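Have the sequence and the 3D view open side by side as you read. This report starts with whole chains and then moves to single residues.

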Amino acid sequence: MKKWLAILSVFLLASCVPDTEKTPLSFYFWRTSFQLSQTEKDYLQELDVRKLYVRYCDVALKNGEAIPVASVVFNESPENIDIVPVVYIKNEVFLQNSDTKDLAAKIMDYIGQINRKNNIQINEVQFDCDWSLKSKDHYFQFIEEAKKLQPNLSATIRLHQVKYSKKTGVPAVQHGVLMYYNMGTIDVGDQNSIYDQNIAHRYIQSFSQYPLPLDIALPIFSWGVHIRKNQVTNLIGGMRLKDMQNDHFDKLSDHKFQVTEDFMYEGRYLAKGDIIKIEEPSAKQLKEMVADLRKSIKNKPKEIILYDLNEQNLTEYETDVYQTVSYW
Amino acid sequence: MKQMFIRLLATGSTFAAIAFGVYAYGCASDWWGPGYNSIFSPEITVNNKKYEPFFYDDYTTFYNGYSIERSTELFKEETIKEWTSYLEQYDEKTVAYYLYDKELTEVLADISQSKNLAKEWNKHVLSTYALDFSKQKTKNFAAFVLLSRGLETYSNQTYNYWDYNDRITRHADQDFVDEKERVYKKASKRDKFYKNRLWFQVLRAKFYSEDKASVIEFFEKTAKDQPKNSLYYQGLSYVAGAYKHSGNYKKSNALFSQIFDEFEPLMPAALFDYKPLPETEFEESVKLASNTSTKETLYALQGYYTNGFEKMTALYEINPASKHLDFLLSRWVNIDEQSINIYTEYATLDIIDAQKAKSELKSKVDASELQWINRAAEEQKVANPYIWKAAAAYFNSFVGDYQTSAKQLGEAYQLAKNEEEKAQVISLRLLNNLLSLDKIDKNGEEKLIADVTWLFYDPSNTEYDVYTSPKRINYLQMFTKKYLSAIYKGEGNTLMAELTYPVKGFFKDQNRSVAMEKLLLSETRTAWQDVFAGIYPYKLADIYESRGIYLFYEDKIEEAIAEFERITPFEMREYNWETQEYETKEVDYKTVELLGNPFNGKIKDCNDCDHKDKQPVKYSQLSFLKKVQEMKEKIAQDEDVYNNALLVGNAFYNTSYFGNARRFYYNNVIGEYGSNYIEEANKPALHNMENAGKYYELALKHVQNAEQGAKINYLLAKVERNDFYAIQYFSQPYFYPYSDNLVSFKAWKGFEELKQNYADTKYYQEVIKECGYFRKYVGME
């Protein structure tokens, strides 16, 4: 598999370390029905979380028409917490010659419908789109149109969009959120596709040059890469190292486990001999990310957003980890 | 599996979008189509079209990308036919218009509100499709159309994706369901067709209502009065779907299995909806099966998703004659051979040691599984013994039990029902015999020759369309050649190793080249050698030409001419893409013309311009060489040395990578056909400027005036530049010529000479006019 990442030598930035102070912590909420468990509520309170970025819907193409997909349903009203709707727009939407004005109006109206139905007040909207050179013009045009309807916009920014910002352009939003994950390829090798410091370092130098103020999104999610006969067959969301501590798995290395007998794991068939590669950022890695980012980012972020809010993810890390990542 | 994975990411966690993109890219580049390293054809061995979507595909969920058709589409034709025959007085076009024409929806919505339906109806619809309401059947049809096309308030609105509330309450209203049920109950029992249609409408409405589960009860109460037609099985799918929706997978699986077993058109849909369960739950689901045949099917579907081998053996114990066994067996073979067979790379001999290759094959087979397959193949209990014998034989070859394999293949051949099944046996037999040999002697050749001849020469193997043929012989062709080559190599027989599987570089060794020439010329070749000489990709003409080219670059012109003169025309078989047929044509390398004048030496290197220029004399490689020889002889006799050396220098310049006569070095053996990328092995010869430089220097010694001096110095600057490019840039494996810090020229020695000593020549002025680099050098730009 060809790596899409270019290789550059790494220069460590010499910088003075400012006094740290607490940066607000928030979360992405990425499930399709909004309902928080008691544990989740406890954590939000404990960590003093005031804001949630809730994915309202995806926008994808159906028969050439952009439509909302997998929209969120609120089974309970969010209380004492600000909501920022996030809309993930698939790149395909902007690859075609789209009426960006119409789309912006539709999306904003749709967000309004959801807000009214659930009695939610918002003052920011975030767009998530992995735009490419070919879709850039339409996406940016769309942002302009959306801005007329909601001036306070933010957008997710991927690592390569920071590094190659001259080519990929910078969306004209109030601020961006740097997604500090999904760094590598999902493959059978030992590389971690969620976070790899070596890969991160290839990008880190470009952060200080980026013209948009950036907040930071950090990964607390995990998955298992399901490998059969040396080929990736599947991704199993949420799988963690602790799920490997039983008779179904033999440890091969720190992150690789072999299935000892045929069995069904949450509806999926795992065969004897299959290999599971667990990719999850460790507590140490989270701290390492923050240490690296502190040295390289131009402005102190206004917020750290963790992806994503989920009991399993939350309980994986000790409280001190959350404290460390929120002190800058 | 991979497709399902992609779908999962596409609709699921969208933050994984980057990863998804990269993964999809990886998949795409790995795409070879089913069977790129397979010998075992499921189409031929299973020999049952019904099961085709469920054969193993390493890329898509269903074999060859089958997708599940929506049932409306799937049964459209049938529905139209049945209604037409029921109504008796209308043609299919009319029926299709009422059932499916999209524009009718609004029209019918208007009509449905009117008091006198029959009266209004024909006023609104297209006049060609007017209905005769005097007949009860027509009245029934009209009522059905209104009911089934969903013209009630609920679904009369067009669905708006951007309406959030619409999205979350999109169920059939209870009123709507009740209305359908009322019409169904009211309909006369005697009109079975009509009643049956209405019955299905009720099932459908219930399935799409808030109370999905109500479809179960309704079906159980009423199904016994219905014929077991396609509506029945579609209805049963709704029932299974309702169970699945409620989380009762044991029951839903049992029902989907029944549908898979009993109703062919819905087989793919039923298999797709089947949810594999943990072992204990699966066993409980078996108890829920309504009959033995469904029970057997449960094993097949569970095996499709989970441990195919285990479920195949269990199914065999229950009913060794089960119709579902064959496709499970084909999957077992196809899945296993993906990892057993050696992936063969193009143009490399990756099988180094035949013995080692064999032991690797053996180590990858599960012995106990094979033991079981052998037993089943022997027991004579299966319905299609052919596939069992063939599969067992195939794997016995892998583990080295060649005798058993031979015996089973003999039996399979007897059982073969058609030519394709026989051909499958022949290819497996060839593999078996091939692996059974450790050395290739007379006996070995005899054992293989008929099947090898068949493999490479039988029209069914050479003229078939790789993309549509179910035959899987590509891998076997490649493997046979490589395996034989490896054995010959092991025996130190480099000549036969090359003849069976040619590798790059063989002809660089003059002795080998001569040996191959001898063999190809020999009239006493053995029949075995003939087989491979016939498919050997290089003709004698290629070999002579390649030698001539190599000799030319060594400035051995006379010897080069001698090689070129040995080239004779030969026949070549080529596929004509326009007529889509193979054609045989005569090829004569000696008549191929160079595109430009190879003696040009211009200021600007513009090959296209040289090719377009009027050329009174067109040169072939041979006539070009003869001309060069003539000039060299003149140089030797001290005759007009300046001009002759200049022209020979130009000849070497143009026949290099940088010149206008690249066609000179296009050759099959050398492996250059006109790409801008020169193979690593050829770079030293084709980027070389030594000969050109040598003759320009000679010319320089014989210049008679300043104009000549200016010209030669400039040409030497070009030589120096090319050397610099070759060393600095082209020697890199991947050179990208558009980088910002590319050095396109330097202060070449020739430039300096020109500037210092020849500034007053006419040639100097021409260079200023044409060469931007020089202008830059002298500071004019």
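What follows is a short walk through two chains and some of their residues.

This is a predicted model, in which local features need pLDDT of at least 70 and side-chain atom pairs count only at pLDDT 80 or more, while totals for chains, interfaces and linings use all residues. Residues are numbered from 1 along each chain as its sequence is written, chains are lettered from A and ligands numbered from 1 in the order in which they are written, and side-chain values use heavy atoms, with hydrogens and water left out.

## The two chains

Let us begin with secondary structure. Chain A has 10 helices and 18 strands, and chain B has 43 helices and 2 strands. Here helices (H or I, at least four residues) and strands (E, at least two) are DSSP runs, numbered from the N terminus.

Next comes overall form. The radius of gyration is taken over C-alpha atoms, and the globule rule is 2.2 Å times the number of residues to the power 0.38. For the 328 residues of chain A, a compact globule would have a value near 20 Å, and chain A agrees with its 20 Å. For the 781 residues of chain B, the rule gives a value near 28 Å, but chain B has 38 Å.

The table below sets out some values for each chain. Buried means under 20% relative accessible area, exposed over 50%, and partly exposed in between (1.4 Å probe, protein chains only). Accessible areas come from the Shrake-Rupley method with a 1.4 Å probe, and for residues only the protein chains shown count as cover.

| Chain | C-alpha span along principal axes | Residues that count as buried | Exposed area |
|---|---|---|---|
| Chain A | about 55 × 50 × 45 Å | 55% of 328 residues | about 14600 Å² |
| Chain B | roughly 115 × 70 × 50 Å | 50% of 781 residues | about 38000 Å² |

Carbon and sulfur atoms supply 47% of the exposed area of chain A and 49% of that of chain B. A contact means heavy atoms within 4.5 Å. Among contacts with a separation of 6 or more, residues 24 or more positions apart account for 73% in chain A and 64% in chain B.

## A buried lysine in chain A

Where does A:Lys277 lie? A:Lys277 is part of strand 17 (residues 275–279) of chain A. With a relative accessible area of 2%, A:Lys277 is buried. Beyond residues up to four places away in sequence, A:Lys277 touches a set of residues including A:Trp223, A:His255 and A:Lys256. A:Gly189 is 88 residues away along the chain, yet its C-alpha atom and that of A:Lys277 are separated by 8.9 Å.

The side chain of A:Lys277 also has polar partners. A polar contact is a pair of N or O atoms within 3.5 Å; within protein, one must be able to donate a hydrogen and the other to accept it, and residues adjacent in sequence count only if both atoms are side-chain atoms. One polar atom of this side chain lies 2.9 Å from the backbone oxygen of A:Asp187, and a contact of 3.4 Å links the side chains of A:Lys277 and A:Glu279.

## Loops of chain B

B:Gln615 sits in the loop between helix 35 (607–612) and helix 36 (621–636) of chain B. It is buried, at 15% relative accessible area, and its side chain makes a polar contact of 3.2 Å with the side chain of B:Lys618.

B:Thr761 occupies the loop between helix 41 (749–757) and helix 42 (762–770). At 4% relative accessibility B:Thr761 is buried, and its side chain reaches the backbone nitrogen of B:Tyr764 at 3.1 Å. Leaving aside neighbours within four places in sequence, B:Thr761 is in contact with B:Ala706, B:Glu707 and B:Ala710.

## Backbone points to check

Most residues other than glycine have a negative phi, and most peptide bonds are trans. B:Asp555 has a positive phi, near 60°, and counts as buried at 12% relative accessibility. B:Asp638 has a positive phi of about 65°, but B:Asp638 counts as exposed at 58%. In chain A, a cis peptide bond with omega of about -5° joins A:Tyr307 and A:Asp308. A:Asp308 belongs to the loop between strand 18 (304–307) and helix 9 (311–314).
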